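Student: Please take a close look at one part of this model for me: the surface patch. Then work outward from there to the loops, the pocket and the charged pairs.

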Amino acid sequence: MENKDFEEVIQKFETPCYVFDLDILEERVRLISDILGEDITTCYAMKANPFLIRPMNDSIDRFEVCSPGEYEICMRQGIPPEKIVVSGVNKTFNSMDRIIELSKGKGIFTIESSRHYDILSWCTRKYGFILDVYLRLSSSNQFGMDKETLEKVLKSAEKDSHINVIGIHYYSGTQKKLKKVEKEIAELSEYGAYLKEAYKLERLELEYGPGLSVAYFDTDKVDTAEVQLTGLRDILKKTDVFSHISIEMGRFIASECGYYITKAVDVKTTESVNYCIVDGGIHQLNYYGQLMGMKKPEITYLPQRTKNIGKWTVCGSLCTINDVIVRDLEIGEPEIDDYMVFHTCGAYSVTEGMALFLSRELPQIIFYSVNKGFQCVRKPMGTDIINSETSSRFA
């Protein structure tokens, strides 16, 4: 998007708001597919930005959901159950009962504990479905199982006519270098070969989250998307252990398509520090690795001024000293009703911020594409009703 596009948003919509450029999103998905090739399945982790699942329905192979709420969103947006990977550490009898009933047993489910196996086995016996599952291998955290537990579950599943283990799932974090990815794939290949031989598995898939890096700040030294994807492709080619590989991505797919636009509402100088207060804040703008505004993301300031360049600390509208978006931003002297456009906000900002703090409105969500222009897909929403009693004892 260019400055003229941002100016059009400002004229048509209220701030703060998110704008998601669907053309950029489509280009990123196409780039991933072109480089990795048709043999690699691409899975979008929708926790990064659930608003993008419908626009990607025709171009992404799978969607990972990690909660009952995310599954309900997929159902409302017309995502076929067979394209969904049901993941997450908190699977309950009630939530899995509903999801399995809705899905008719289609899709893939992860097992992250012995309890998960018990829950899924019970639900599938109830409905008579055969469920395809991935066993999630832990990367030394609360997610997944250690090898001993994983193999106990695998032995139980061997005797279970309703649970069909088709692969293993592994994810160890985000913003990783390719050297770590290469090490992990080598270790997973060794373990996969062991499982196939020890348990006589004819088929073993791998669902893997490479956690490729995104450049958020001006000091970040990150390889281009093309370089990272090409390196990932070459690493995956080195293994012939797995019958199929699915690559799970969220941040890497969604980040670059998003913008956050906020307006200056006050300008002041306090003890020689210049402050610009905006109508947004850290409850709606979240960069991985940001700390009290010390790092500088890409920002477009409108209107652009070349006189009286100074350093300004940009703060949001929250009543907390933590609400510092960026420090020492060098711009011409700001005025009330100026605008700031924060780039690379397509992943997590829309879901990971402290949205309910101070009962501020949720920003509106705007889609953009060259063919369709700007479309508001969520109007501003108040949160005061969420942050207060819902009983009518005062009525």
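Tutor: A patch here is built from residues with over 30% relative accessible area and no salt bridge, and nonpolar side chains are joined within 5 Å. Keep in mind that this is a predicted model.

Met354, Phe357 and Leu358 make a nonpolar surface patch of about 250 Å². Take Met354 as the example. Its place is the loop between helix 10 (349–352) and strand 16 (364–369). Met354 has a relative accessible area of 42%, so it is partly exposed. The patch cut-off is over 30%, so Met354 passes that part of the test.

Loops hold other details. Where does Met292 sit? Met292 is in the loop between strand 11 (273–278) and strand 12. Met292 is not a glycine, yet its phi is positive, about 50 degrees. Its relative accessibility is 29%, so Met292 counts as partly exposed. The over 30% cut-off for patches therefore leaves Met292 out.

Move on to the end of strand 12 (299–302). Leu302 and Pro303 are joined by a cis peptide bond, with omega about -5 degrees. Pro303 belongs to the loop that leads from strand 12 to strand 13 (310–315). Arg305 lies in the loop between strand 12 and strand 13 as well.

The side chain of Arg305 meets that of Asp338 in a salt bridge, 2.8 Å being the figure for another pair and 2.5 Å, N to O, for this one. Asp338 is in the loop between strand 14 (324–331) and strand 15 (339–342), so the bridge ties together parts 33 residues apart in sequence. Which partner is buried and which is partly exposed? Asp338 is buried, at 4%, while Arg305 is partly exposed, at 25%.

That other pair is Lys126 and Asp97. Lys126 is in helix 5 (residues 114–127) and Asp97 in helix 4 (residues 93–103), so their salt bridge links parts 29 residues apart in sequence. Lys126 is partly exposed, at 47%. Asp97 is buried, at 15%.

Arg203 and Glu205 form another salt bridge, with the closest N and O atoms 2.5 Å apart. Arg203 is partly exposed, at 42%, and Glu205 is buried, at 4%. Why does the 42% of Arg203 not bring it into a patch? Patches take residues with no salt bridge, so Arg203, bridged to Glu205, is excluded. The salt bridges come to 19 in total.

Now the pocket. The largest one has a volume of about 460 Å³. Its lining has 27 residues, and the closest to its centre are Lys47, Arg136, Tyr171, Glu248 and Tyr348. By type, the lining divides into 11 nonpolar, nine polar and seven charged residues. Strand 9 (244–249) and helix 9 (251–254) each supply at least two of them.

Use Arg136 as a reference point. Gly78 is 58 residues away from Arg136 in sequence, and their C-alpha atoms are 27 Å apart. Gly78 is in the loop between helix 3 (68–76) and strand 4 (84–86). It is partly exposed, at 47%.

Ser140 is in the loop between strand 6 (131–136) and helix 6 (147–158). It has a positive phi of about 65 degrees without being a glycine. Ser140 is exposed, at 77%.

One last loop. Thr15 and Pro16 are joined by a cis peptide bond, with omega about -5 degrees. Pro16 is in the loop between helix 1 (3–12) and strand 1 (17–21).

How values were computed. Residues are numbered from 1 along each chain as its sequence is written. This is a predicted model: local features need pLDDT of at least 70, side-chain atom pairs count only at pLDDT 80 or more; totals for chains, interfaces and linings use all residues. Side-chain values use heavy atoms; hydrogens and water are left out. Patches are made of residues with over 30% relative accessible area and no salt bridge: like charges are joined within 9 Å, nonpolar side chains (Val, Leu, Ile, Met, Phe, Trp, Tyr) within 5 Å. Accessible areas come from the Shrake-Rupley method with a 1.4 Å probe; for residues, only the protein chains shown count as cover. A salt bridge is a side-chain nitrogen of Lys or Arg within 4 Å of a carboxyl oxygen of Asp or Glu. Helices (H or I, at least four residues) and strands (E, at least two) are DSSP runs, numbered from the N terminus. Buried means under 20% relative accessible area, exposed over 50%, partly exposed in between (1.4 Å probe, protein chains only). On a 1 Å grid over the protein atoms alone, a cavity is a set of points where a 1.4 Å probe fits but cannot get out, and a pocket is an open set with protein on both sides within 12 Å along at least five of seven lines; lining residues have an atom within 4 Å of a point. Grid points are joined across faces, edges and corners, and a volume is the space filled by probe spheres set on the points. Ala, Val, Leu, Ile, Met, Phe, Trp, Tyr, Cys and Pro count as nonpolar, Asp, Glu, Lys and Arg as charged, and the others, Gly among them, as polar.
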